[in-house]
Amino acid sequence: MDAEQRTGPLYLQLASHYRRAIAAGSLAPAARMPSVRALMALHRVSLATALQACRHLESEGLLEARPRQGYFVRATALQRRLPPAAEPLPAPPDPARYVGVQQRISALLARALAARVQVNLAGASAQAALYPLRALALQGQRLLRRHPELLVEPPPPDGLPALREALARLALDAQVALRADEVLVTHGCTEALTIALRAVARPGDAVAVESPTYYGLLQILESLGLRALEIPTSPHTGLSLDALQAAARQEPALRAVVVMPNLQNPLGSVMPDAHKKALLAWCDQQDLALIEDDTYGALADDPQRAIKSWDRDGRVILCSSLHKTLAPGMRLGWMTAGRWHARARMLKYTQSRPNEALGQAVVAAFLSGGQMDRHLRGLRRRLTVQRGQMAEALADHLPAGTRLSLPPGGMALWLALPPGLSSEWLFGAALERGIRLAPGVMFSNATRFDGFVRINCGHPMDAAQHEAIRTLGRLCEQALQRPTGAVRDVDLSPAWALSAPGEPA
Ligand SMILES: Cc1ncc(COP(=O)(O)O)c(C=O)c1O
């Protein structure tokens, strides 16, 4: 109880406490009031005081007594009788601190969430049926039967040893050799990236990122007070090293580079190995941290090496996730932080404590059971088919001038709309017809990708998806004939995304 409630007769103090709970909605209309016995135990009051408090609230019309059931919050006319909440409303966030990409992304996401979406082409994971639901569920049931203590015993801070061992084995697929104790289990790759950035940079520092890049990374940077230095990136060879070097000369506060060398989001590019090694060598020379996001690497058609595999002195922080490859519902990610390992452990512990044990144990059992390889082979096969089908549908229905780069894996296509069309406009027009897509403006702090769209192909092509693509095609055709409102008002250079400097567009 607060100070105001600690004066006057005890029963009135108690009544005032529950009046506030009702006003705040903690006790909703029709909710059961704690029993008189519970009130006695909870507040160390006598039976008479507890009863008197309830009767007082009843006399105010806030509670009603039901025979043999106790007191309930009255559902009628409640709000009119209550005084306004005592606490002032929280102040709005300081606009000077929250005016970046976060605002644009939040606005787009809010529009999408408010719409009745029938075909979602905006996601970045695959259809649930493409994940090993049954095998994971069986492991979960078996573990709950045999080890129910997983629900009540605190998990170890860095993750379950069995999972860390299994993840270290999984990393061998990207030619990364790790000990289990170098692996930290995290809440998705989002937490791994956040920890990595907090470990190597301070608010105000600059971090080089690919452009376009995964919008979640831009959100993390903004939330940490870090500045994104966007570097042109090719859909064929990834981040342009020349452009990075040129930008770095102008930016003394550059502390780190974040890249997705294998199946970059949204471009789908894969950096050639020579390019990966050159980037690492340059980071060595500049003494910069290299944060590698390998969320999609396992979905590449051909096995791809992680940059971490060439790291000899712990400069690379590798962040990854099982969110796209195994279980989107489980939010499991992991990282290995090289020379920043101790700091990353501390940040993980202070930020969120360990991940819950049951999910970790389920995945550890699945990975150790040798089923991951087969699952990933099947998933890659399905995604290859779906990417092809989606690309064909887009080629059939979108107007001339649309360009597409077909990535060597993954579940997304990056599409350049015919010159003049705005993805933000298309996003709104498509949403009105129940179709959601990811407009290019989400993938950069600037609006230079307004002429691009990311399309998900994680779902098998069905009649609804075909119809959605036909609708997108019609919308684009109509907009091109009657361009008012559909044309972006910013100067856009498509070559930015489709080629790096020195590379043919
Ligand atoms: C490239 C990339 N990195 C990180 C994430 C976030 O991963 P998680 O969902 O595991 O937090 C995503 C999610 O879409 C992503 O696309």
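Author: A residue is near a molecule or strand if one of its heavy atoms lies within 4 Å of it. By that rule, 14 residues surround the ligand, and the closest are Thr190, Asp293, Tyr296, Ser321 and Lys324. The model is predicted, so local features need pLDDT of at least 70 and side-chain atom pairs count only at pLDDT 80 or more, while totals for chains, interfaces and linings use all residues. Residues are numbered from 1 along each chain as its sequence is written, and side-chain values use heavy atoms, with hydrogens and water left out.

Reader: What makes the approach of Asp293 to the ligand a polar contact?

Author: A polar side-chain atom of Asp293 lies 2.5 Å from a nitrogen atom of the ligand, and a pair of N or O atoms within 3.5 Å is what the term requires; within protein, one atom must also be able to donate a hydrogen and the other to accept it, and residues adjacent in sequence count only if both atoms are side-chain atoms. The side chain of Lys324 also qualifies, with an N or O atom 2.7 Å from an oxygen atom of the ligand, and for Arg331 the distance from a side-chain N or O atom to a ligand oxygen atom is 2.7 Å. Of the 390 Å² of accessible area that the ligand has on its own (Shrake-Rupley method, 1.4 Å probe), the protein covers 96%.

Reader: Which helix gives the largest share of the shell around the ligand, and how do the residues of that shell divide?

Author: Helix H8 (residues 188–200) gives the largest share, 3 residues; helices (H or I, at least four residues) and strands (E, at least two) are DSSP runs numbered from the N terminus. The shell divides into 5 nonpolar, 6 polar and 3 charged residues.

Reader: How do you know that E12 and E13 pair, and in which sense do they run?

Author: Two strands pair if DSSP finds at least two bridges between them, and E12 and strand E13 (residues 412–416) have 3 bridges in the antiparallel sense, with Ser405 opposite Trp414 of E13. They belong to an open, antiparallel sheet of 4 strands in the order E12-E13-E16-E15. Strand E12 (403–405) and strand E15 (438–439) are its edges, since each has a single partner strand and so keeps one side without a neighbour in the sheet.

Reader: What is the strand order of the open sheet of 8 strands, and why are E4 and E7 called edges?

Author: The order is E4-E11-E10-E9-E8-E5-E6-E7, with mixed pairing. Strand E4 (184–187) and strand E7 (238–239) each have a single partner strand, so one side of each lacks a neighbour in the sheet. Within this sheet, strand E5 (residues 206–211) and strand E6 (residues 227–234) run parallel and are joined by 6 bridges, and Ala208 has Leu229 of E6 as its bridge partner.

Reader: Where are the cis peptide bonds at Pro212 and Pro266, and what are their omega values?

Author: Ser211 and Pro212 are joined by a cis peptide bond with omega about 5°, and Pro212 is in the loop between E5 and helix H9 (215–223). For the cis bond between Asn265 and Pro266, omega is about 15°; Pro266 is in the loop between strand E8 (254–259) and helix H11 (273–286).

Reader: What is the phi of Arg44?

Author: The phi of Arg44 is near 50°, a positive value in a residue other than glycine, and Arg44 is in the loop between helix H2 (36–43) and helix H3 (47–59).

Note on methods
Nonpolar A, V, L, I, M, F, W, Y, C, P; charged D, E, K, R; others polar.
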